[in-house]
Amino acid sequence: MTASKPMTRMISHVILDLDGTLLNTDGVVSEVLKEFLVKYGKTWRSTGIHRIVGRTPLEVATAVVEDYGLPCTPEEFMSTITPMFSDKWCNIKALPGANRLIKHLRSKGVPMCLASNSPKSNIEAKISYHHGWKGSFTAVVGGDEVVMGKPSPEIFLEAARRMNADPSNCLVIEDSLPGVMAGKAAGMKVVAVPSLPKQASSFSSADEVINSLLDLHPEKWGLSPFEDWIEGTLPIEPWYIGGPVIKGFGRGSKVLGIPTANLPAENFSALLSEHTSGVYFGWAGLATRGIYKMVMSIGWNPYFDNTEKTIEPWLLHKFNEDFYGEELHLAIVGYIRPEANFPSLESLIARIQEDGRIAEKALDLPMYACSKDSPYLISSL
């Protein structure tokens, strides 16, 4: 991820994209398109998501119709598929850090606007399922309210106008390249939060590229900082995962000197899509051994350039033998940092060791220590 460029003017207003930035819609898009295409004897290719992220509804329809050679017009495609999306809006979850960011900016009196290529009615319907969102925004601008959607700057300039803000005082937060291009063309500062993995290098035009909203630091832009970081850790709503310990890539002990207790990521694909890649920590329960502190990475491990997202917990305890096949339950209670690449193996190992020290110390704090008593950890012991 890139470092932020120097700020030249004070930010007073924030403009947010919705789909892929605040809401985890990519999974729903793939689900609906898969269901739709099977009627035509076609198979949805997940790589196709790259072609449609950040585009207007008509651009998306045109791309899908062309790519799959469908016997319908883009307009007919839209009329059929729109109700299918509408039925699933109630199930779309907020992305990690979205609720936290909205609540924080609202509490500090920072005017916010939603600006999306989606029709305004769709935007309002989606946010109605998320408590407190509707009343948090000074304005909402839909793609049907402007002549040209992103990457045209029109939608962001209209957002600034409705908030009575100078464009140069606005910070845009976007997940797509068309959105970043639109924000920069509008003369605004732009933070990119790519919704697709391994795409950070494509966002060099943004003023900052971050891994997720959990990694946003408002003070970089002259806004009030978050006040919830504790000793280098961010408390999160606990989540739980478990399964048999499997053999990983064989590099934990041999290459890094850090034995990991890998879980089969394919069993948790839906859950993993809800959580950003990065380094987390919490408690681990082993069926035949007890409960231990642990630190865990989720993601693609940029140094090793994984092709699939993995879960690699490191139990902060010295074991005398392997325990492949044993049932492992995890309670994840905090976040440390985004995943990152490193210039050398030595620097990677040093950072992992530092993550372990941070987790070891933090888990002694009462707010984290109480999760050691989670029934989930001992349910199989």
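Helices (H or I, at least four residues) and strands (E, at least two) are DSSP runs, numbered from the N terminus. The structure is a predicted model, in which local features need pLDDT of at least 70 and side-chain atom pairs count only at pLDDT 80 or more, while totals for chains, interfaces and linings use all residues. Residues are numbered from 1 along each chain as its sequence is written, and side-chain values use heavy atoms, with hydrogens and water left out.

**Strand 4 and its neighbours**

Strand 4 (residues 170–174) has five of its five residues buried (under 20% relative accessible area, with exposed over 50% and partly exposed in between; 1.4 Å probe, protein chains only). Strand 4 is therefore largely enclosed by the rest of the structure. In a regular strand the side chains alternate between the two faces of the sheet. Here Cys170, Val172 and Glu174 point one way, Leu171 and Ile173 the other way, and all are buried.

Strand 4 pairs (two strands pair if DSSP finds at least two bridges between them) with strand 1 (residues 13–16) in the parallel sense over four bridges. His13 has Cys170 of strand 4 as its bridge partner. Strand 4 also runs parallel to strand 5 (residues 189–192), joined by four bridges; Val172 is bridged to Val190 of strand 5. Between strand 4 and strand 5 the chain passes through helix 8 (residues 177–185), and this β-α-β crossover is right-handed (with the strands pointing away from the viewer, the path from the first strand over the helix to the second runs clockwise).

Helix 7 (residues 154–162) has Ile155, Phe156, Glu158, Ala159 and Ala160 as its buried residues. Their cover includes strand 1, strand 2 (112–115), strand 3 (139–141), strand 4 and helix 8. In the loop between strand 3 and helix 7 lies Pro151, which is joined to Lys150 by a cis peptide bond with omega of about 20°.

**The antiparallel sheet**

Five strands form an open sheet in the order 7-11-8-9-10, with antiparallel pairing. Strand 7 (234–244) and strand 10 (310–315) stand at the edges with a single partner strand each, so one side of each is left without a neighbour in the sheet. From one strand to the next the twist averages 30°. Eight antiparallel bridges pair strand 7 with strand 11 (residues 327–337), and Gly242 has His329 of strand 11 as its bridge partner.

**Helix packing**

Helix 3 (residues 57–68) and helix 4 (residues 74–86) pack at an angle of about 110°, with axes 8 Å apart (axes are lines fitted to C-alpha atoms, for helices over the stretch in contact, and angles run from 0 to 180 degrees between N-to-C directions). Helix 3 is thus roughly perpendicular (65 to 115 degrees) to helix 4. Pro57, Leu58, Ala61, Thr62, Val64 and Val65 of helix 3 make the contact (heavy atoms within 4.5 Å) with Pro74, Glu75, Phe77 and Met78 of helix 4.

His104, in helix 5 (residues 98–107), is buried at a relative accessible area of 8%. Not counting residues up to four places away in sequence, His104 touches Pro218, Ser224, Pro225 and Phe226.

**Positive phi angles**

| Residue | Phi | Place |
|---|---|---|
| Asn164 | about 55° | just after helix 7 |
| Glu231 | near 50° | loop between strand 6 (208–209) and strand 7 |
| Asn301 | near 45° | loop between strand 9 and strand 10 |

Glu231 is partly exposed, with a relative accessible area of 46%, whereas Asn301 counts as buried at 17%.

Conventions. Angles under 35 degrees count as roughly parallel, over 145 as roughly antiparallel, 65 to 115 as roughly perpendicular and the rest as oblique.
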